[in-house]
Amino acid sequence: INIKHFTGYINNLQISIASIYYNNNVAALYNVGTIQNYRHIWLWKQISILAIKEAFKAWADTIFLQCTPNSFIEKMYKSIGFQTINDEIGYIEIIR
């Protein structure tokens with residue numbers, strides 16, 4: 001398994017991160033986070049989209065993540081194209 005990390009900065013301050021774990025043509029989006037004082041500007045979305053685009057451009061056909069079913073997080077990721085595959089375990093994915 002390979003890992004690529006993405007970091008977001010504002011004024012040289014690291015405020016957001018996301019990681020893509022990948023093997024062959026499948027990738028997983030994990031570790032998405034933003035410092036609390038900056039969450040109001042939706043950096044999770046920008047850094048997630050950056051990671052997803054890079055993964056699709058380089059190697060991935062499918063990207064998945066896990067989250068609490070029917071949660072605010074699941075709704076956020078559905079807003080950028082993910083679809084629920086298994087509601088019991090919170091498995092959602094996006095396909096190129």
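Student: In this predicted model, what is the order of the strands in the open sheet of six strands?

Tutor: The model is a prediction. Its sheet is open and its pairing is mixed. In general, strands of a sheet pair through backbone hydrogen bonds, either parallel or antiparallel. The order of the six strands is β1-β2-β3-β4-β6-β5.

Student: Which strands are the edge strands of this sheet?

Tutor: An edge strand pairs on one side only. Within the order β1-β2-β3-β4-β6-β5, two strands meet that condition, β1 (2-10) and β5.

Student: By what angle are neighbouring strands of this sheet turned against each other on average?

Tutor: The value is an average over neighbouring strands of the sheet, and direction is ignored. The turn is 30°.

Student: Which residue of β6 is the bridge partner of Q83?

Tutor: Strands β5 and β6 run antiparallel, and three bridges join them. Strand β5 covers residues 83-86, and β6 covers 91-95. The bridge partner of Q83 in β6 is E93.

Student: Is G90 buried or exposed?

Tutor: G90 lies in the loop between β5 and β6. Not counting residues up to four places away in sequence, G90 touches L65, Q66, C67 and P69. Because its relative accessibility is 0%, and a residue under 20% counts as buried, the class of G90 is buried.

Student: How are the rings of W44 and Y77 arranged, stacked or edge-to-face?

Tutor: A pair of aromatic rings is described by the distance of the centres and the angle of the planes. The ring centres of W44 and Y77 are 5.0 Å apart, and the planes stand at 65°. Since planes over 60 degrees apart count as edge-to-face, the arrangement of W44 and Y77 is edge-to-face.

Student: How many residues apart are W44 and Y77?

Tutor: This pair links distant parts of the chain. W44 belongs to helix α1 (residues 43-58), whereas Y77 belongs to helix α2 (residues 72-78). W44 is buried at 10% relative accessibility, and Y77 is buried at 5%. The separation of W44 and Y77 is 33 residues.

Student: At what angle do the ring planes of Y77 and F82 stand?

Tutor: Y77 and F82 are both buried. Their ring centres lie 5.6 Å apart, and the pair is edge-to-face. The angle between the planes is 85°.

Student: Which residues form one aromatic cluster?

Tutor: Seven aromatic pairs are found in the whole structure. Among them are W44 with Y77 and Y77 with F82. The cluster consists of W42, W44, F72, Y77 and F82.

Student: With which residues is S48 in contact, leaving aside its neighbours within four places in sequence?

Tutor: S48 is located in helix α1 and counts as buried, with 0% relative accessibility. Y77, which pairs with W44 of helix α1, is one of its contacts. The full set is L29, V32, Y77 and I80.

Student: Where is N31 found, and how exposed is N31?

Tutor: Most residues other than glycine have a negative phi. N31 has a positive phi of about 60° although it is not a glycine. Its place is in strand β3 (residues 26-34), and with a relative accessible area of 43%, N31 is partly exposed.

Student: What is the relative accessible area of N70?

Tutor: N70 also has a positive phi of about 60°, and it is not a glycine. N70 sits in the loop between β4 (62-66) and α2. N70 is classed as exposed, and its relative accessible area is 54%.

Methods. Residues numbered from 1 in each chain as written. Predicted model: local features only at pLDDT ≥ 70, side-chain atom pairs only at ≥ 80, totals over all residues. Heavy atoms only, no water. Phe/Tyr/Trp six-rings, centres within 6.5 Å; stacked < 30°, edge-to-face > 60°. Helix = DSSP H or I, 4+ residues; strand = E, 2+ residues; numbered from the N terminus. Buried < 20%, exposed > 50% of the residue type's maximum accessible area, 1.4 Å probe, protein only. Contact = heavy atoms within 4.5 Å. Pairing = 2+ DSSP bridges. Axes fitted to C-alpha atoms, helices over the stretch in contact; angles between N-to-C directions.
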